[in-house]
Amino acid sequence: MSIGVKVKYFDTSAIVKLFVNEVGSGHINDYYINNCNFCCTEMTFYEAFNVLKTKLFKKDSMEKYFKCVDDLAIMGWGGKLEIETITMHDYSVFKEVNAIAIKYKIDVADAIQIYAIVKGKYSFFAADSKTILITADKRLEKAGKDNNIRVWNCEKDRPDWLDN
């Protein structure tokens with residue numbers, strides 16, 4: 001059995017599934033409740049607020065929207081979801097992130113996730129502790145795998161290696 005510490009990066013689609021009942025919500029909620037060491041980039045964190053607005057900021061779901069926004073903020077401030085800042089105002093970082101976005105036809109917020117895992121705070125983790133990307137985005141999943149990142153598409157069952 002593995003004893004490595006694993007950092008798990010959420011992308012926006014995975015974060016939103018914690019709050020909105022969609023395909024994969026059960027998988028991700030169960031995993032989130034029973035585990036720790038979750039992370040996302042600052043841009044992903046803010047993007048999740050926007051997606052929640054798109055899905056819930058409606059006359060019949062305003063109360064749920066404000067509860068979800070509050071809970072998401074607490075996740076970030078409370079430490080269960082660490083927020084990593086990638087400095088996009090550094091031109092060399094921007095160029096690398098933009099190149100990832102263009103190569104895989106993903107948006108810049110997704111490309112920052114790839115950049116963070118490959119070159120960010122936890123990029124030195126290896127073997128049993130290799131960082132994991134959790135997403136429901138098929139293009140981001142492919143980009144992650146192409147960059148030698150362990151990826152769990154949370155719309156599917158958990159792979160065995162996720163719990164080892």
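This passage walks through a parallel sheet and some of the helices around it. The model is a predicted one, in which local features need pLDDT of at least 70 and side-chain atom pairs count only at pLDDT 80 or more, while totals for chains, interfaces and linings use all residues. Numbering starts from 1 along each chain as its sequence is written, and side-chain values use heavy atoms, with hydrogens and water left out.

Start with the sheet. Five strands (strands being DSSP runs of E with at least two residues, numbered from the N terminus) make up an open sheet in the order β3-β2-β1-β4-β5, with parallel pairing; to pair, two strands need at least two DSSP bridges between them. At the edges sit β3 (81-84) and β5, each pairing on one side only.

Now for β4 (residues 132-135) and its partners. Three bridges tie β1 (residues 8-10) to β4, with Lys8 partnered by Ile132. Four bridges join β4 to β5, and here Ile132 has Arg150 as its bridge partner.

What about the side chains of β5 (residues 150-153)? Arg150 and Trp152 point one way, Val151 and Asn153 the other, and all are buried (under 20% relative accessible area, with a 1.4 Å probe and protein chains only). In a regular strand, side chains alternate between the two faces of the sheet.

Away from the sheet, Asp70 is found in helix α4 (residues 62-78); helices are DSSP runs of H or I with at least four residues. Asp70 is partly exposed, at a relative accessible area of 43%, a class that lies between buried and exposed (over 50%).
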